[in-house]
Amino acid sequence: MNTFRLAYRPAIALAFAISLAASPALSASGPPPGFVLTDNADLAFISPDGATKLEQYMKDGDLFDVKWQVWARHGEQMTELKPEQGFGAGFRFTNDSQWLVRMQKTGSGEQDLFLYHVENGVFVNATKKSLSDLAWNYFYSRPETKKFAKLDFHITANLMKGTEEAYRWLGVDWPDNRYLVISLAGEYDNHPKRVARKGLGGWQCRYDLKTGKFDVPTMFAKENAEALKWEVRR
């Protein structure tokens, strides 16, 4: 009997097991059964470098149980962009194809934002909380908004157009692939009788992809002050 061969086999098995544990888990091959790729061309997106294609899949249920998943196809690899939601979504890439923002409808007139970043060749969530939650937290942390009453409905976080060209249309000269401009809005359910609508009308801030911090450029100050007093009279 070859005792060397017998001793060698367990060593091979152990080395193989260790290598599996150390290797990153393979991504799923795609959405689970029941999810169907939408044929809505408005819900298909491709990164500027052409390497990543976003596919949105829907699983039909009853009125309150429709589910949507977004999968990023990169070559033969597919990765889900979490979280799963109840509606399809819009997306914008930065020009270098390294960052991706999901504009996610959550209800009638309401929207959240989610941020993703490329790591090891695939898009993953870039922040623990949604980008919209972070933006709202920043809004209520500022001196001029700390006493601003919480909004009731139509609460939206919008990504302003211009991520691909670094917001040149605003007349700025910001570095490429560095900033996101976010607009926050919402309404109050209760307001004076002579007012049809009242709330927050498009308050803007800037998110720095490099530092993960928010700020408000001086150029937004005037419109932001007006946004805090937004109302529509009857």
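**Salt bridges in close-up**

Arg206, with a relative accessibility of 12%, counts as buried, because the limit for that class is under 20%. The model shown in these views is a predicted one. Its salt bridges number seven, and three of them, with their residues, are described in the legends below.

**View A. Asp215 and Arg206 form a salt bridge.** The closest N and O atoms of Asp215 and Arg206 are 2.7 Å apart. Asp215 has a relative accessible area of 26% and is therefore partly exposed. Its partner Arg206 is buried, at 12% relative accessibility.

**View B. Arg73 pairs with Glu55 in a salt bridge.** Between these two side chains, the closest N and O atoms lie 2.8 Å apart. Arg73 belongs to strand β4 (residues 67-74) and Glu55 to strand β3 (residues 53-59), so the salt bridge ties together parts that are 18 residues apart in sequence. Relative accessibility is 30% for Arg73, which counts as partly exposed. For Glu55 the value is 7%, and this residue counts as buried.

**View C. A salt bridge joins Glu231 and Lys198.** Here the closest N and O atoms are 3.3 Å apart. The pair links distant parts of the chain, 33 residues apart: Glu231 sits in strand β14 (residues 231-233) and Lys198 in strand β12 (residues 195-208). Glu231 is partly exposed, its relative accessible area being 27%. Lys198 is partly exposed too, with a relative accessible area of 26%.

Key:
Residues numbered from 1 in each chain as written. Predicted model: local features only at pLDDT ≥ 70, side-chain atom pairs only at ≥ 80, totals over all residues. Heavy atoms only, no water. Salt bridge = Lys/Arg side-chain N within 4 Å of Asp/Glu carboxyl O. Helix = DSSP H or I, 4+ residues; strand = E, 2+ residues; numbered from the N terminus. Buried < 20%, exposed > 50% of the residue type's maximum accessible area, 1.4 Å probe, protein only.
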